Amino acid sequence: MRRKLIAGNWKMNMTPSQAKALIEEVKPLVAGKDNCDILFCVPFVDIFAAQEAAKGSNIKIGAENVHFAEKGAYTGEISASMLTECGVEYVIIGHSERRQYFGETDETVNLRTKAALAAGMKVILCLGEVKDQRLSGITDEVVAMQTKLDLKDVTEEQLKNVIIAYEPVWAIGTGLTATPEQADETCGVIRNTIKALYGEKAADEIIIQYGGSMNAQNAKELLAKENVDGGLIGGASLKAKDFSIIVDCAQ
Ligand code: PGA
């Protein structure tokens with residue numbers, strides 16, 4: 001049995017005081033719901049406020065990106081050691097918004113992934129097809145290729161710290177959701193790719209989330225699917241009640 005991971009991705013939302021208020025609102029709503037892991041990935045400047053607010057609860061705080069270099073002339077970037085020293089264990093890498101607006105490629109996603117894993121972090125690796133690729137019937141090939149490229153030179157041991165978030169780009173922030181069947185099928189394609197690369201045990205154990213307009217209404221059906229081990233949630237993670245209902249669906 002894989003343990004589900006319900007993770008919020010706040011994107012560029014919430015000031016530190018708003019972060020504190022939201023976490024404090026979520027805390028009692030998810031208290032004692034220990035059948036899944038609960039995480040908020042937050043803007044760098046919110047990390048301390050969110051950690052402080054989450055203290056003593058079952059909510060973990062992660063980051064939304066990390067650079068691949070140890071340090072140096074990369075203005076505006078944050079290194080893995082900066083995050084780990086702040087007590088951050090989880091980091092999102094390769095989100096489609098990073099790929100779309102900030103020039104991330106499978107190559108840089110792979111470099112960031114390896115740097116985070118080398119620092120002992122857990123990586124939520126995001127991948128997924130764009131609308132034209134789904135309509136052209138090449139979704140399976142696209143996600144298999146991304147899985148291979150993004151995990152290049154990641155060892156079987158390191159893979160234990162990798163979570164994959166399958167996020168069809170056409171479903172992110174659009175209100176369009178993959179059907180539970182589509183989510184299950186494509187998460188299954190990713191799992192099979194992991195099996196081909198790392199073997200059956202690794203494929204059985206890896207957590208594969210679905211992301212893309214998951215909300216309080218559709219979470220139950222999506223999370224009920226065999227290959228869907230949780231959710232990466234954008235919009236609905238900014239509302240305490242909605243997020244806690246999704247956590248309930250994972251119990
Ligand atoms: P959404 O975002 O839930 O707002 O569609 C999901 C994501 O981008 O991770």
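How many nonpolar, polar and charged residues make up the shell around the ligand? In this predicted model, the shell has 4 nonpolar, 7 polar and 2 charged residues.

**The ligand and its surroundings**

There are 13 residues around the ligand, and those that come nearest are Lys11, His95, Glu167, Gly173 and Ser213. Gly173 also takes part through its backbone, since one of its N or O atoms there lies 2.7 Å from an oxygen atom of the ligand. Gly234 places a polar backbone atom 2.9 Å from a ligand oxygen atom, and for Gly235 the distance between a backbone N or O atom and an oxygen atom of the ligand is 2.9 Å. On its own the ligand has 280 Å² of accessible area, of which the protein covers 95%.

**Helix packing**

Two pairs of helices can be described by the angle and the separation of their axes. The first table row concerns H1 (residues 16-30) and H2 (residues 47-54); the second concerns H7 (residues 139-150) and H9 (residues 180-198).

| Helix pair | Angle between axes | Axis separation |
|---|---|---|
| H1 and H2 | about 25 degrees | 8 Å apart |
| H7 and H9 | roughly 45 degrees | within 9 Å |

Angles under 35 degrees count as roughly parallel. With an angle of about 25 degrees, H1 and H2 are therefore roughly parallel to each other. Their crossing is right-handed.

How are H7 and H9 oriented to each other? Their axes cross at roughly 45 degrees, and the two helices are therefore oblique to each other. H7 passes H9 in a right-handed crossing.

Terms used. Residues numbered from 1 in each chain as written. Predicted model: local features only at pLDDT ≥ 70, side-chain atom pairs only at ≥ 80, totals over all residues. Heavy atoms only, no water. Near = heavy atom within 4 Å. Polar contact = N/O pair within 3.5 Å; in protein donor to acceptor, adjacent residues only side chain to side chain. Areas by Shrake-Rupley, 256 points an atom, 1.4 Å probe, with all protein chains shown as cover. Nonpolar A, V, L, I, M, F, W, Y, C, P; charged D, E, K, R; others polar. Axes fitted to C-alpha atoms, helices over the stretch in contact; angles between N-to-C directions. Helix = DSSP H or I, 4+ residues; strand = E, 2+ residues; numbered from the N terminus. Parallel < 35°, antiparallel > 145°, perpendicular 65-115°, else oblique. Left-handed = near helix turned anticlockwise from the far one by under 90°.
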